[in-house]
Amino acid sequence: MSLYQDVIIAGFGGQGVMLIGNLLAYAGMEHGLNVTYIPVYGPEMRGGTANCTVVVSDDAIGSPIIRSPKSLIIMNRPSLDKFQPQLVDGGVLVVNSSLVDPALADASRVRLVPVACNEIADGLGNTRMANMVALGAFIEATGVLPLSVVEESLSHVIAKHYSHLIPQNAEALRAGANAAKG
């Protein structure tokens, strides 16, 4: 059976949406898969909206444009409002329940994975790692890649002067995966 997973990752600028999209794409390449990554920035950058689309497949990818995604990682309420209607029935919806009320998700139509990303990241000592918590939850919920491959790819997408934060980011990925389990 062939592997195909696409995701739209969305939130406010500054939440690390592009970083985790880039990390997912890089990890897919490292795992020998075909990937596409398309970043979309809002006009304000930090504080404005940001989203990216990532496709991971073991077959050739016909188009990087996704109209009806199989999954979403939603970091804020405006992103839920914008992208939830596009999610396919039965799709995976990872929601940062720290900023988005899970009751707003259409759980009758999609597989809802609410994760308190900000609180979990706070507990790890750095709220800015909420994005890594969300990505870990997505990896666990979809099984698109082994979490270890994503962890190993951190050093390729995190700037060298922040390399001291790689162990914390790996811990945040694992915490998100654990939160999605149960």
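Okay, let's start with a cysteine. Cys117 has a relative accessibility of 0%, so it counts as buried. Before I go on, one thing to keep in mind: what we're looking at is a predicted model.

So, the other cysteine I want to bring in is Cys52. Is Cys52 buried or exposed? Buried, again with a relative accessible area of 0%. And why is there no bond from Cys52 to another cysteine? Because the closest cysteine sulfur, the one in Cys117, is 15 Å away, and that's too far. Looking from the other end, Cys117 is in no disulfide either, with the sulfur of Cys52 as its nearest cysteine sulfur, at 15 Å. The disulfide count for this model is zero.

Let me zoom out for a moment. How many helices and strands does the protein chain have? Six helices and six strands. If you walk along from the N terminus, the order is β-α-β-β-β-α-β-β-α-α-α-α. So you can see the chain finishing with four helices in a row, α-α-α-α.

What about the overall dimensions? The C-alpha atoms fill a box of roughly 40 × 35 × 35 Å along the principal axes. A compact globule of 182 residues would have a radius of gyration near 16 Å, and this chain comes in at 15 Å, so the two agree. Of those 182 residues, 49% count as buried. And if you take the contacts with a separation of 6 or more, 57% of them are between residues 24 or more positions apart.

Now to the strand I'd like you to look at, β5, which covers residues 92-96. How many of its residues are buried? Five of five. Both faces are covered: Val92, Val94 and Asn96 sit on one side, Leu93 and Val95 on the other, and they're all buried.

Who are the neighbours of β5? One of them is β4, residues 71-74, which runs parallel to β5 and is joined to it by four bridges. If you want a spot to click on, Leu72 stands opposite Leu93 of β5. Another is β6, residues 111-115, also parallel to β5, with five bridges between them. There, Val92 has Arg111 in β6 as its bridge partner.

Between β4 and β5 we also pick up a helix. β4, helix α2 at residues 77-83, and β5 together make a right-handed β-α-β unit.

Let's stay with α2, since Ser79 is in that helix. Ser79 counts as buried because its relative accessibility is just 4%. What does Ser79 touch, beyond its neighbours within four places in sequence? Ala10, Gly11, Ile74 and Gln84. Gly11 is a nice one to pick out: Gly11 and Ser79 are 68 residues apart along the chain, yet their C-alpha atoms are separated by 5.8 Å. The side chain of Ser79 also makes a polar contact with the side chain of Asn76, at 2.5 Å.

Last stop, Thr36. You'll find Thr36 in strand β2, which spans residues 34-41. Thr36 has 17% relative accessibility, and the cut-off for buried is under 20%, so Thr36 counts as buried. Setting aside residues up to four places away in sequence, Thr36 touches Thr53, Val54, Val55, Ile61 and Pro64.

That's my tour. Happy to go back to any of these spots on the screen.

Definitions and conventions. Residues are numbered from 1 along each chain as its sequence is written. This is a predicted model: local features need pLDDT of at least 70, side-chain atom pairs count only at pLDDT 80 or more; totals for chains, interfaces and linings use all residues. Side-chain values use heavy atoms; hydrogens and water are left out. A disulfide is a pair of cysteine sulfur atoms within 2.5 Å. Buried means under 20% relative accessible area, exposed over 50%, partly exposed in between (1.4 Å probe, protein chains only). Helices (H or I, at least four residues) and strands (E, at least two) are DSSP runs, numbered from the N terminus. Contact means heavy atoms within 4.5 Å. Two strands pair if DSSP finds at least two bridges between them. A crossover is right-handed if, with the strands pointing away from the viewer, the path from the first strand over the helix to the second runs clockwise. A polar contact is a pair of N or O atoms within 3.5 Å; within protein, one must be able to donate a hydrogen and the other to accept it, and residues adjacent in sequence count only if both atoms are side-chain atoms. The radius of gyration is taken over C-alpha atoms; the globule rule is 2.2 Å times the number of residues to the power 0.38.
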